[in-house]
Structure formats: C-alpha cells, structure tokens
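Thanks for sharing this one. Here are a few points to read with the model open beside you.

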Amino acid sequence: MRKIRWGLIGCGDISRKRVAPALRDLDCCDFQAVARADSDRAASFAREFGAAKWFGSWRELIGDRDIDAVYIATPVSLHSEQTIASAMAGKHVLCEKPMGLNVKECDSMIQACDNHHVSLGLAYYRHFYPLVKRVKEIMAAKEIGEPCMADIQAFEWFDRKPGDPRAWLLEKEKSGGGPMMDFGCHRIEVLQNLFGPVRDIQAGLFNLALKERDVEDTAVVSLLFESSVQASLRVTHASFESRDTLDIFGTKGSLHIPVLNGDTLIIKTNGGERIEKIPPHENVHLPLIEDFTHALLEKRKPLVDGLIGREVSLVLDRIYGRPEIDKT
C-alpha cells in the first residue's frame with residue numbers, strides 16, 4: 001500500500017495527544033519528521049512517536065524531499081506564512097483551526113495551494129463525529145420535522161499565565177481572539193455542516209470574570225441560516241462548570257447531545273423518547289487525518305477543505321468586527 005510521508009510542524013498539546021499518534025498509527029501514513037524551535041525537544045518527541053527525523057526549524061522540514069504533506073499545529077498567527085511556504089515547497093497542508101487570523105489570510109492560503117497544485121485541509125475534526133453524522137441522517141429523514149432552532153453551549157475555565165505553553169491563546173496577536181476563536185470555531189463548523197450558509201449574525205464579546213486579558217472570556221452569538229434555522233452559540237472561559245451541548249428543535253421533535261464529543265443522542269418525538277449510543281473514535285483527530293491522507297492517495301478533495309475553513313473564518317470576522325471583504 002502506498003503511503004503519504006508526513007511532517008509535523010509544532011509539537012504542543014494537541015500534537016502529543018492526537019496528531020502524532022494518528023500519524024504513527026494509520027497504515028496510510030509514514031510519519032517522517034517533526035519540527036519545533038527547541039531541537040532537543042524535537043528529537044525527544046520524534047523518538048517518542050517513531051518519526052525518523054527532527055528539525056529545529058519548520059523551514060528545514062518543508063525543504064525535506066522525503067516529505068509529501070505537513071500537519072501545521074502552531075499558533076494561528078503562523079498558519080498563513082507556514083501554509084504558503086509549504087505550498088511553495090510542494091507540500092500538501094493539513095492545518096489546525098482556525099484557518100487564519102482573518103479571511104484575507106485564508107484567501108492567500110487557498111491561492112498558494114491552488115497555484116502550486118497541492119491540497120489544503122482544515123482540522124475541523126468534529127465534521128467526522130458519528131453523532132453529527134447521525135443527526136444529519138435524522139434531519140434528512142424529517143423525523144423531527146423541519147429544524148427551526150438550535151443551541152450550542154461550550155464552557156470551560158481557562159486562565160493560563162505567562163510562560164504556560166498554552167498562554168498564547170490569550171494573546172490576541174497570536175490567537176486572533178478568545179474562546180470563540182479557539183473552540184467556538186469548531187461549533188460554527190458543526191452548525192454550518194448541519195444547516196448550511198449563514199445569512200445574518202449578531203454577536204456580543206465580553207470579559208465577565210477574566211478582565212485583565214487581551215481577548216474576550218465570553219462570546220454570545222446569534223446565527224440565522226439561509227435555511228431559516230436560528231442558532232445560538234455561547235462559549236466561555238469563565239465558567240467553573242464545563243459544558244459541551246448541542247440541542248436542535250424541530251416542528252415535530254427535538255435532538256439533544258449532552259456532550260458533543262461523547263456517545264449519547266436523545267431523540268424526542270410524538271412517539272416518545274429514545275436514546276442512541278454512538279461512540280466517537282478513541283482519537284478524534286484520526287478520522288480527519290485518515291480522510292485527508294486518502295484524499296491525496298485517491299486524488300480527490302478532502303471532506304474538510306480550505307473553502308470550509310474560509311466559511312468559518314467569514315463568520316468569525318463578522319463576530320469580531322473585522323473588515324469585511326468579498327464573501328464569494
């Protein structure tokens with residue numbers, strides 16, 4: 001079986017927990033190399049996950065002829081530069097979310113990959129959740145009638161101090177924003193996957209509890225979709241209680257997911273209430289990386305491509321009040 005030879009740029013928390021194990025474990029992947037600024041730690045990471053090479057510079061990694069594709073797992077502010085340089089080096093790119101700091105960066109990334117005939121994918125791995133797929137099936141069958149309203153809540157306490165490896169998420173120049181940029185973007189992708197393009201947006205950004213920071217600690221957004229579904233999206237870093245829910249209300253029933261990355265779906269209709277158990281993959285990044293790799297081998301588009309990443313960033317730009325550009 002032919003394999004895609006992978007390089008990993010960035011060896012942080014997500015890379016260690018999910019990305020590197022997927023690149024190591026998938027039969028279609030050959031995990032070749034890692035890059036991080038600290039070459040000693042890069043070497044240690046490479047040995048831990050079985051990568052053959054390590055580099056102290058991401059530019060060295062993309063210059064390696066033994067690499068076909070790169071996974072970019074760095075702060076958002078680096079995504080555009082690293083994607084464009086990788087494309088120019090002839091590497092396919094699977095990039096962490098959100099795609100860029102704004103849609104202008106997304107457009108530059110898409111154009112570079114198109115110009116150099118390489119594929120671009122985004123790490124919106126919730127697109128592959130079995131629960132989300134099942135929700136789409138139930139809605140397509142009209143079991144809950146026509147969907148009219150949806151609600152997502154994503155709450156966690158997050159207050160990293162300077163020097164912490166994840167403190168960059170609270171630096172606006174590096175992250176682009178607070179919880180809406182970090183994990184709200186995932187929920188925007190889920191909603192667009194379920195209901196299609198967004199027509200209208202109303203948003204509020206707040207610092208309710210964590211006031212001495214560069215980004216919001218809470219965001220509340222109302223989205224009206226072209227399909228006439230209205231959705232509420234609430235995210236926060238300020239809540240002691242964690243929450244990750246999705247509720248959809250239709251004209252003949254409703255759907256409830258108590259934990260989005262869990263295994264439980266509750267269906268309520270005139271026929272009563274039932275519960276379905278649909279567990280996710282043990283490594284939620286693996287189906288995303290597997291699809292992107294097979295897309296390269298089969299010479300097709302990945303299911304989550306740069307255009308999907310751009311659509312999410314269009315919504316983010318409007319939420320954060322960034323200058324609008326042509327939406328087409």
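1. In this predicted model, the largest nonpolar core takes in 98 residues. If you would like somewhere to begin looking, try L8, M180, I248 and I289, the residues with the most contacts inside that core. Helix α8, spanning residues 179-195, is the element that gives the most to it, with 9 residues.

2. M180 deserves a look of its own. Leaving aside residues up to four places away in sequence, M180 touches C185, I188, E216, A219, V221, L233, V235, L316, I319 and Y320.

3. Now to the sheet. Its 8 strands form an open arrangement with mixed pairing, in the order β8-β9-β10-β7-β11-β12-β13-β14. The edge positions belong to β8 (198-206) and β14 (272-277); each has a single partner strand, so one side of each lacks a neighbour in the sheet. On average, neighbouring strands are turned by 15° against each other, direction ignored.

4. For a closer view of one pair, take β12 (residues 253-257) and β13 (residues 264-269): they run antiparallel and are joined by 4 bridges. Within β13, I266 is the residue that stands opposite H256.

5. Which helices should you check against the sheet? Helix α6 (residues 130-140) packs on it, touching β7 (147-157), β11 (238-250), β12, β13 and β14. The direction of α6 makes about 15° with that of β13. Helix α8, for its part, lies across β7, β8, β9 (218-225), β10 (230-236) and β11, and runs at about 160° to β10.

Definitions and conventions: Residues are numbered from 1 along each chain as its sequence is written. This is a predicted model: local features need pLDDT of at least 70, side-chain atom pairs count only at pLDDT 80 or more; totals for chains, interfaces and linings use all residues. Side-chain values use heavy atoms; hydrogens and water are left out. A nonpolar core is a set of buried Ala, Val, Leu, Ile, Met, Phe, Trp, Tyr and Cys residues joined through side-chain atoms within 4.5 Å. Buried means under 20% relative accessible area, exposed over 50%, partly exposed in between (1.4 Å probe, protein chains only). Helices (H or I, at least four residues) and strands (E, at least two) are DSSP runs, numbered from the N terminus. Contact means heavy atoms within 4.5 Å. Two strands pair if DSSP finds at least two bridges between them. Axes are lines fitted to C-alpha atoms, for helices over the stretch in contact, and angles run from 0 to 180 degrees between N-to-C directions.
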